[in-house]
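Student: I should like to learn how to read salt bridges, helices and sheets in a model. May we work through an example together?

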Amino acid sequence: MYVLVMTEISSDDLKAAGAQVFADDRAHVFHSWSAQGAITPLPIAGAEGSYFWDYEGNRYLDFSSQLVNTNIGHQHPKVVAAIQEQAGKLCTIAPSFANDVRGEAARLIAELAPGDLNYVFFTNGGAEAVENAVRMARLHTGRTKVLSTYRSYHGSTSTAISLTGDPRRWANDAVGQSTGGAVHFFGPHLYRSHFHATTEAEECERALLHLEQTIQYEGPATVAAIILETIVGTAGVLMPPAGYLAGVRALCDKYGIVYIADEVMAGFARSGAWFAVDHWGVTPDLITFAKGSNSGYVPVGGVIISEKIRETFKDRVYPGGLTYSGHPLACASIVATINAMKEEGVIENAARLGEEVFGPALREIAAKHASVGEVRGVGAFWALDLVRSKETREMLVPYNASGADAAPMNELAAAMKARGVWPFVNFNRLHVVPPCTISEADARKGLAALDEALDVVDVYAN
């Protein structure tokens, strides 16, 4: 357990402080992905481990890890101390200089990465990591097109949002903010197969054939990269079938295409491994990472680069950079996070919980509830696909539902919050993505609340 030191303050003063936080927010803060007049942000007073709490005294088990990023939990003392120590030593330095924690963070990441991915370009977050990975691939190949799946999220900046497959791309397309050259295809998803597959092997074979046909119809000599979330995150925790990633690697080799693995959400313990590609023994050309590397304590991201792509820029200037690339506070937090994960067995904890707690318990819950169509996941990375009928697999709410159409999922989220568990919901899915440090007792506590809350939506299923 972490030790939290709290200043004594009356409940009335806490409530007054919370009211001021809310008033300032509503008066001046412009929120992402929101209609500004339709939201009521909850003021948060503090957090520790797997919990956070508001100014009213309500304490929530964080089954969302905020945005699936507090992999090492809230306020981990070793990471907090590293940031504090670095702030007292050197708060910032330009990217053109060498810096001790920047070099150490890059070395530690490279040592964890597969194959010859030995170099790190630091960014401020995951979207910028994708932007730069795509730029590297285009310059390395001299080609422009980049292929990505419809079920995907790669970030909200120009190129990243154009590669994103989910509906958040649509409005950006409409205002002309996307970058040309993005081509979408269907990735494997046996539960809702586009290929009329009945087995995982069929899904894999047919999805790879579809991808190769897409490459051929687009023109192999025009395709710079294929970017894939190793485990598709926000779009449903979709696990690639055995052989799929190896097949993508083979297609990239066949046609001279750069394989970019987006591990912004799946990396750094989330899947029970340092990188999700480790589960399938595949080595990409580039890996993008971000929030999991330091649990989002300081904004950071990056691209892990293979020898052959680094060689492209040995004598050729790479036309990209960021003022805060490799920021000392961010790099110090990465070093502390990686070391703490090693010392405390965080990877092993996530893997064990997935195998012994989340997987078995969620499958039991699925068998019990009419609204649960499928359970998917690994490590501390799970999702329930909620349906109106297990026979037809009709989604509990329509794709991209909002307003009254989304009512069942809103009721489910409210039921979990009422039970002291903060959920992660997206479309018809309930994700189970707590900190990778969560205890078995807290994991089971959250699962019990989830089990009870599903009664609320079972009434919509038959």
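Tutor: Let us begin with one side chain: Glu343 is exposed, with a relative accessible area of 56%. Buried means under 20% relative accessible area, exposed over 50%, and partly exposed in between (1.4 Å probe, protein chains only). This is a predicted model, in which local features need pLDDT of at least 70 and side-chain atom pairs count only at pLDDT 80 or more, while totals for chains, interfaces and linings use all residues. Residues are numbered from 1 along each chain as its sequence is written, and side-chain values use heavy atoms, with hydrogens and water left out.

Student: With which residue does Glu343 form a salt bridge?

Tutor: A salt bridge is a side-chain nitrogen of Lys or Arg within 4 Å of a carboxyl oxygen of Asp or Glu. Here the partner of Glu343 is Lys78, with the closest N and O atoms 3.0 Å apart. Lys78 belongs to helix H3 and Glu343 to helix H11, so the pair ties together parts that are 265 residues apart in sequence. Helices (H or I, at least four residues) and strands (E, at least two) are DSSP runs, numbered from the N terminus. Lys78 counts as partly exposed, at 36% relative accessibility.

Student: How should one read a salt bridge within a helix?

Tutor: An α-helix has 3.6 residues a turn, so residues three or four places apart point the same way. In helix H8 (residues 200-218), Glu202 and Arg206 lie 4 residues apart, about one turn of the helix. Their side chains meet in a salt bridge (3.7 Å, N to O).

Student: Is Ser333 of helix H11 buried or exposed?

Tutor: Ser333 counts as buried, at 0% relative accessibility. A polar contact is a pair of N or O atoms within 3.5 Å; within protein, one must be able to donate a hydrogen and the other to accept it, and residues adjacent in sequence count only if both atoms are side-chain atoms. A polar atom of the Ser333 side chain lies 2.6 Å from the backbone oxygen of Ala330.

Student: In what order do the strands of the open sheet stand?

Tutor: Two strands pair if DSSP finds at least two bridges between them. The 4 strands run in the order S1-S2-S3-S13, with mixed pairing. Strands S1 (44-48) and S13 (421-422) stand at the edges, each with a single partner strand, so one side of each is left without a neighbour in the sheet. Strands S2 (residues 51-54) and S3 (residues 59-62) pair in the antiparallel sense over 3 bridges, and Trp53 stands opposite Arg59 in S3.
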